[in-house]
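Biologist: Could you walk me through this model, one feature at a time? I would like the general idea before the particular case.

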Amino acid sequence: MIKLYDGGAFLINGKDIVPEKDASGAAAAAGRNLDKEEARKGTIAYGILKAHNTSDNMDKLKIKFDAMASHDITFVGIVQTAKASGMKEFPIPYVLTNCHNSLCAVGGTINEDDHMFGLSAAKKYGGIYVPPHIAVIHQYMRERHAGCGRMIIGSDSHTRYGALGTMAVGEGGGELVKQLLRDTYDISYPGVVGVYLDGKPAPGVGPQDIALAIIGAVFKNGYVKNKVMEFVGPGVASMECDYRNGVDVMTTETTCLSSIWRTDEKTKAFLTVHGRGDDYRQLDPEEVAYYDGMIYIDLSTVKPMIALPFHPSNTYEIEEFLASPADILREIEKEAAVIQENPDLEFSLTDKVDASGKVRVQQGIIAGCAGGTYSSICEAAHILKNANCGNDEFTLSVYPSSQPVFMELVKNGAITDLMAAGAAIKTAFCGPCFGAGDTPANNALSIRHTTRNFPNREGSKPGNGQLSAVALMDARSIAATAANGGVLTPATAFADDYVVPEYSFDESSYTSRVYSGFGKGQGESELVYGPNIKDWPELPALSDNILLKVCSRIMDPVTTTDELIPSGETSSFRSNPLGLAEFTLSRRDPEYVARAKAVKTDETEILEAAFGEISGITPGASKEDVEVGSVIYCVKPGDGSAREQAASCQRVLGGLANICREYATKRYRSNVMNWGMVPFQMAAEPDFRVGDLIYVPGIKEALAGDMKSIKAYVLGENAHEIELFISDMTAEEKEIVKAGCLINYNKRRME
């Protein structure tokens, strides 16, 4: 059972939930005062945020983090931006992992060139470099850097180490650049939602099942959007720390800002076995803590789950799904037709249901920060011991999340059991999570213990007539399905009293291969540039007035960052801003790039043709006062990855703004601002089309005001006024947008 409380709630002694509406009666009965504002300070989150806040105002936080992490899709751009902004050294431990572009098979030397750039940056500025195949980013941070009471920022949306007592935040590269420049992460104090765990998971139920149950309950209603999820209650103790990590990393898919868990002896044991017992301290809410919302979960009632295409929130109990699979899959086929807008694509899910009503899948993947954990792979190996995957179309691939995890699985025989069953064992790699590895066959259905199942994220290309799909499941149920030859099966069918063998951490692979240079920067050394690594192009400052040409209008309920800039094979080009920009919206609006480029090419002609109308709106304006650029409209853009390229690609193509009803995540809106674009919103339906011109006079003046009502004008035959607004921005964010981008802002500060 999962229950969402209507309104806030007090937690008394870490055990008793008192809804805010009942607080006065409960307080009287207990003879105590339940002061809401004072009790807000009783959460674990409050204490950690306070300790990292460099301002004297807890309503407007200025956070400095303890450590940072990036992978090889993002660290080149971050280092390049920080270097252009005047960085001389890495001021805090900065881990550069190579777990996304690990395969050096696309684009010749591009990927390995990026790796060599990362190593040279670690040497020059004093960083920590983790070579390809050694560890995925989040497992390495769990093993080596997360600790109780800390805060870590990463340029990957799944930066979550709450189960180890660390508040971690996934953000776009611009926010990491600010930390490298000794600036702060500026946010209003976030709401904190309690996640009260009771009972314990049933045998056969894994961390992905718990996570999907939560995501299904809170994503669509925005219950935890941009808030901190704080895991409390007696049920926390029922989970080993490795299990908690598997739940925690998936909190990103709820659109929360961060997560934190109460800690205990199991947390201490995890840190101790990794040689960091001194990083433990007990974290609990105070005797009275107030939460802005409360989620109650009876863990014993959670059953094996499946998140069907095309989102982690599209959740069903596996048993519920198998009761009427054809009806459910038929509805998803309709959704696929709408998403792809291509009637020629042949795609079917109902054909996965055989004559006996069983659902047959074509591929299974257990991988990455979510699925590649030690305990999940041990459980999968136990289910597959003395079983086999069959010699038909179904395949199973397993990726341990780090070399130490891999080594222990070899030592305890789990790898042997998996290989004997027909599973392919591969190295630490995030590719299956974002379409750079194990892309399934056209029209295939893959079941994965990874993090996301957005459209085409598995690597298929609709533009080439390809479409496959992913359903998310726990490693245990994937193993059960593999043992059943690819027939979808919940792990409860194989559940027994198996206990995961105790884990022993062997750091020898890290000692042998990881470059640990924090505090030992060699400033005189040179960065190593491959031919694909390019500097950011010059970007202009914001003008007094802007003229926007609508180059894309997407009316889907949510537009993911994967749709804004595809993952997968495009990752190899992320060190080349203009090269990568060629892929912008390629899977959602293939004509966008040509339209945006045309705006840049034809700026003078566009302004000349519209200037008569502009003069009527802003008498006395000169053409020099009007900047011409492109704009996209999406209903709710930015769900998913933290990748800043979702915004920077628009910017280097001449983008000046986004317009939307709301932003799906804080991190995408931050990316828009850090790349010098105006984050407009509008309450009304967009009554403009692709190709229309929107004139926004006095934009810099509007940024100086309350931004609640900004008049703009659709020009041309359908001329009319529209009302835009901008949600709160910090003073620094306003200056960054006015400067044209974060690089320009920092250069001005240096001057």
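Modeller: Let's begin with secondary structure. Helices (H or I, at least four residues) and strands (E, at least two) are DSSP runs, numbered from the N terminus. This protein has 28 helices and 32 strands. The model is predicted: local features need pLDDT of at least 70, side-chain atom pairs count only at pLDDT 80 or more, and totals for chains, interfaces and linings use all residues. Residues are numbered from 1 along each chain as its sequence is written, and side-chain values use heavy atoms, with hydrogens and water left out.

Biologist: What is the radius of gyration of the protein, and what does the globule rule give?

Modeller: The radius is taken over C-alpha atoms, and the rule is 2.2 Å times the number of residues to the power 0.38. Here the radius is 26 Å, close to the 27 Å that the rule gives for 751 residues, so the protein is as compact as a globular protein of that length. Along the principal axes, the C-alpha atoms fill a box of roughly 80 × 65 × 60 Å.

Biologist: How do I read burial, and what share of the residues is buried?

Modeller: Buried means under 20% relative accessible area, exposed over 50%, and partly exposed in between (1.4 Å probe, protein chains only). Buried residues make up 64% of the 751. D602, in the loop between α22 and α23 (603–617), is partly exposed, with a relative accessible area of 32%.

Biologist: Which helix would show me burial up close?

Modeller: Try α24 (residues 645–652), which is mostly covered: eight of its eight residues are buried. For the general idea, an α-helix has 3.6 residues a turn, so residues three or four places apart point the same way. In α24, the buried residues include A646, C649 and R651. Their cover, judged by contact (heavy atoms within 4.5 Å), includes α22 (592–601), β26 (626–634) and α25 (666–674). After α24 comes G654, whose phi is positive, near 105°.

Biologist: And how many residues does the largest nonpolar core have?

Modeller: A nonpolar core is a set of buried Ala, Val, Leu, Ile, Met, Phe, Trp, Tyr and Cys residues joined through side-chain atoms within 4.5 Å. The largest has 169 residues, and those with the most contacts inside it are Y94, Y140, L197, I295 and L396. Leaving aside neighbours within four places in sequence, L396 has contacts that include I365, L384, C389 and I478. A second, separate core of 40 residues includes Y592, A610, A646 and C649.
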